[in-house]
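Student: I have a model open at my bench and would like to look closely at one part of it. Could you walk me through that part and then connect it to its surroundings?

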Amino acid sequence: MAMAETESERRRVIVRNILSKEECEELELIHKSCSTVGYRPNVFSTTLSHLIATNSSHFIVPFVPIRERLKEKVEEFFGCEFELVIEFTGLISWARGASIGWHCDDNRPYLKQRHFTAVCYLNSYGKDFQGGLFRFQDGETKNFAPSAGDVAMYTADSRNVHSVDEVTHGERLTLTLWFSRDSSHDEDAKLISILSQKLLHRSDKVPQLCLPLPASSNMYWFSPNQASPDELGCNICWARMDVLGYDIYYSQNTSSALDCSELLLEPLQLARGDNLFHQPFANILHALQVVQFFHWKASEFPTSKFETEASKVLHLSQSQKENISNLKSVFVKNNQLAETVFRPVIINEKEQQSFSWANFSAAVTAWEDYIRKLHKQLLNSLPHWRTHQSIFSCPLDESLEGT
């Protein structure tokens, strides 16, 4: 651990490797599966309230132990044990062109409740992104080249004026938490209230397969100038799959619905090259989550020694290819933008070449198991959270095992 710049002030500290590689990758999966256009140009965000709103509440579970750990570290370093609440939790990625000038985190009247900040890097400078360095205006430890798992903790006031350089390549991904001494700004209480309305009134308590529901289409539309939504751009869900080599096919007649956001809610199939995967997905977010899960866990699905099962893959007809091309021109109007913003810095060429629909099919089943497990943990935890009005790690209820 680096020493604080001035021990008497304790205004900032850098802690290395506070998150494991697996934790960083899981949060990256969640962000790339669920994010929307963010609050600044070329920035994308995933909030816990948005996960609940899009029927992905179970994705809150991986955040819980990480939030606890970061809160304990902040309280320990700044000497305010048991005084803080988490005011806001967000996954935030900065793509090429994103930057922010000198500022402090409580620089608006509506932000004065923010007393401390923790910025945890989920990927590495120089490997996953270039540019985007976080800089403090004065004092020691003015900037550092972060690796996945590193965290910067600092007071949110004018003692820590900082900036972020323009990202020049890749996608800089962080988990950012703000902490407050004012309990009226406790994020947990708000989230628990929303979760209770969403989950506790269900007639069944058995963990089900939770399929996501996309938000309004404008929340996923990205253009170089967000102030001009009609400018050539792309749907970020569509673009993230496109850069990984997947096409999207709708079997129904889409000629009258090319500009309708309802299309994002419709069932679809995935294609790759000349092949069409047989299994339909409920909507674009469902397909995106499975794709991102497959690429996260790709090493666990080794190349099959057998040929792809013919029953799982169909050959695309010319009319189907035209359908795919026409829709892509609507949802990815600027292909170069999609490639520049969402294409990974390092492409696993071996993974790309060894792609197998049989392995992908296995990943679909594994994704379902993963989602059910998270949902089970959420159902088990929520009654405890409601009792204590706090989100914390709970032991899994054995009565839910095997459901």
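Student: How many of the 14 residues of helix 1 are buried, and what does that say about how the helix sits in the rest of the structure?

Tutor: Happy to! Please keep in mind that this is a predicted model. In helix 1, 10 of the 14 residues are buried, so the helix is largely enclosed by the rest of the structure. Helix 1 covers residues 21-34, and its first and last C-alpha atoms are 20 Å apart, close to the 20 Å expected at 1.5 Å a residue. Its buried residues are a mix of side chains: Leu27, Leu29 and Ile30 are among them, and so are Glu23, Glu26, His31 and Lys32. Cys24, Ser33 and Cys34 complete that buried set.

Now for what lies around the helix. A useful link is Leu27, which is in contact with Leu175. Beyond its neighbours within four places in sequence, Leu175 also contacts Phe63, Ile66 and Leu70, as well as Thr89, Gly90 and Leu91. Its other contacts are Ala118, Val119, Cys120 and Leu122. We can follow these contacts outward, one element at a time.

Phe63, Ile66 and Leu70 take us to helix 3, where they are among the buried residues, along with Val64, Arg67, Val74, Glu75, Phe77 and Phe78. The end C-alpha atoms of helix 3 (residues 63-78) are 22 Å apart, which agrees with the 22 Å that its 16 residues should span at 1.5 Å a residue. Just after helix 3, Gly79 has a positive phi of about 65°.

Leu175 itself belongs to strand 12, on a face with Leu173, Leu177 and Phe179. The other face holds Arg172, Thr174, Thr176, Trp178 and Ser180, and both faces are covered. With 9 of its 9 residues buried, strand 12 is largely enclosed by the rest of the structure.

Next come the pairing partners of strand 12. Strand 4 (residues 85-94) runs antiparallel to strand 12 and is joined to it by 9 bridges; one of the bridge pairs is Ser93 with Leu173. Strand 6 also pairs with strand 12 (residues 172-180) in the antiparallel sense, over 6 bridges. Here Thr117 has Trp178 as its bridge partner, while Phe116 stands opposite Phe179.

Strand 6 is mostly covered too, with 6 of its 6 residues buried. Phe116, Ala118 and Cys120 lie on one side of strand 6, and Thr117, Val119 and Tyr121 on the other. Strand 6 (residues 116-121) is also joined by 5 bridges to strand 9 (residues 151-155), again running antiparallel. Within strand 9, Thr155 is the bridge partner of Phe116, and Tyr154 stands opposite Thr117.

Put together, these strands belong to an open sheet of 7 strands with antiparallel pairing, in the order 1-9-6-12-4-3-2. Strand 1 (12-15) and strand 2 (36-37) are at the edges with a single partner strand each, so each has one side without a neighbour in the sheet.

The contact hub we started from also matters to the interior. In the largest nonpolar core, which has 96 residues, Leu175 is one of the four residues that touch the most other members; Tyr246, Leu270 and Phe360 are the others. Helix 10 (residues 357-388) gives the largest share of this core, 11 residues. The core lies between domain 1 (12-201) and domain 2 (217-372), because both give residues to it. A second, separate core has 16 residues, including Ile100, Ala152, Tyr154 and Val167.

Leu270 offers a way into another region, since it is in contact with Leu276. Leu276 sits in strand 17 (residues 275-277) and counts as buried at 2% relative accessibility. Its other contacts include Tyr249, Val313, Leu314 and Leu316. The C-alpha atoms of Leu276 and His315 are 6.0 Å apart, although 39 residues separate the two along the chain.

Stepping back to the whole chain, there are 10 helices and 18 strands, and 52% of the 403 residues count as buried. Of the contacts between residues at least 6 apart in sequence, 79% join residues at least 24 apart.

Technical notes
Residues are numbered from 1 along each chain as its sequence is written. This is a predicted model: local features need pLDDT of at least 70, side-chain atom pairs count only at pLDDT 80 or more; totals for chains, interfaces and linings use all residues. Side-chain values use heavy atoms; hydrogens and water are left out. Helices (H or I, at least four residues) and strands (E, at least two) are DSSP runs, numbered from the N terminus. Buried means under 20% relative accessible area, exposed over 50%, partly exposed in between (1.4 Å probe, protein chains only). Contact means heavy atoms within 4.5 Å. Two strands pair if DSSP finds at least two bridges between them. The expected span of a helix is 1.5 Å times one less than its number of residues. A nonpolar core is a set of buried Ala, Val, Leu, Ile, Met, Phe, Trp, Tyr and Cys residues joined through side-chain atoms within 4.5 Å. Domain bounds come from an automatic or database domain assignment.
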